[in-house]
Amino acid sequence: MARYKTLILDGKTIKKIVTMRGAIRAIEKGFRLYGEGKAQMPPKVYIDLCECGGDFRAMPAYVEGFKACGIKWVN
C-alpha cells in the first residue's frame, strides 16, 4: 500500500506559491470535473458546541483530476 504524507500549508506559504491566475484555473478545472461527475463532495458534517454558542463544520472533498483530497474546517 502506498504511503502519503499530509501537507499542511499556512497562509504565508500559500501566498508564495499560488498566483491568482493559477487559482482561477484550478477552480475552473474543479468545477468542470465536478460537472462531469468526477468529484465526491458529501454533505457538511456539523459538531454543535451549544455551550460556546458555535459549531465546527467539516467539508471534505475529492476531485479525480487533482489526485488529491482535502477538508475545510470552519468554526
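**Reasoning from values to labels**

User: Why is Asp55 called buried?

Analyst: Asp55 has a relative accessible area of 19%, and buried means under 20%, so the label applies. Keep in mind that this is a predicted model.

User: Where is Asp55 in the fold, and what does it touch beyond its sequence neighbours?

Analyst: Asp55 is part of strand 3. Setting aside residues within four places in sequence, it contacts Ile47, Asp48, Leu49, Val74 and Asn75.

User: What makes the pairing of Asp55 and Arg57 a salt bridge?

Analyst: Their side chains come to 3.0 Å, N to O. The cut-off is 4 Å between a side-chain nitrogen of Lys or Arg and a carboxyl oxygen of Asp or Glu, so this pair qualifies. In general, side chains of opposite charge can pair when their charged atoms come close.

User: And why does the Asp55 and Arg57 contact also go down as a polar contact?

Analyst: The side chains are joined at 3.0 Å, and the limit for a pair of N or O atoms is 3.5 Å, so the distance fits that definition too.

User: How exposed is Arg57, the partner?

Analyst: Arg57 is at 29% relative accessibility. That sits between the 20% and 50% limits, so Arg57 counts as partly exposed.

User: How many salt bridges are there, and which residues are joined into a network?

Analyst: The structure holds three salt bridges. Besides Asp55 with Arg57, shared partners link Arg32, Glu36 and Lys38 into one network.

User: How do you know that Glu36 bridges to Arg32 and to Lys38?

Analyst: Glu36 and Arg32 meet at 3.9 Å, N to O, while the closest N and O atoms of Lys38 and Glu36 are 3.5 Å apart. Both values are within 4 Å, so both count as salt bridges.

User: What class of exposure do those three network residues get?

Analyst: Partly exposed, in each case: Glu36 is at 44%, Arg32 at 46% and Lys38 at 35%.

User: The structure holds one aromatic pair. Why is the pair of Phe56 and Trp73 called what it is?

Analyst: The ring centres of Phe56 and Trp73 are 5.8 Å apart, and pairing needs centres within 6.5 Å, so they pair. Their planes stand at 90°, and over 60 degrees counts as edge-to-face, so that's the label.

User: What parts does that pair tie together?

Analyst: Phe56 lies in strand 3 (residues 54-63) and Trp73 in strand 4 (residues 68-74), so the pair connects parts 17 residues apart in sequence. Phe56 is partly exposed at 33%, whereas Trp73 is exposed at 53%.

User: What does Tyr46 touch, and where does it lie?

Analyst: Tyr46 is in strand 2 (residues 45-49). It touches Phe56 and Arg57, not counting residues up to four places away in sequence. At 45% relative accessible area, Tyr46 is partly exposed.

User: Why is Leu7 called exposed?

Analyst: Leu7 has a relative accessible area of 69%, and exposed means over 50%, so the term fits. Leu7 sits in the segment before helix 1 (11-17).

User: Which residues make up the nonpolar surface patch?

Analyst: Leu7, Leu9, Ile14, Ile17 and Val18 form it, with about 470 Å² of accessible area together. Patch members need over 30% relative accessible area, and Leu7 at 69% clears that bar.

Conventions. Residues numbered from 1 in each chain as written. Predicted model: local features only at pLDDT ≥ 70, side-chain atom pairs only at ≥ 80, totals over all residues. Heavy atoms only, no water. Patch = residues over 30% accessible without salt bridge, like charges linked within 9 Å, V, L, I, M, F, W, Y side chains within 5 Å. Areas by Shrake-Rupley, 256 points an atom, 1.4 Å probe, with all protein chains shown as cover. Helix = DSSP H or I, 4+ residues; strand = E, 2+ residues; numbered from the N terminus. Buried < 20%, exposed > 50% of the residue type's maximum accessible area, 1.4 Å probe, protein only. Contact = heavy atoms within 4.5 Å. Phe/Tyr/Trp six-rings, centres within 6.5 Å; stacked < 30°, edge-to-face > 60°. Polar contact = N/O pair within 3.5 Å; in protein donor to acceptor, adjacent residues only side chain to side chain.
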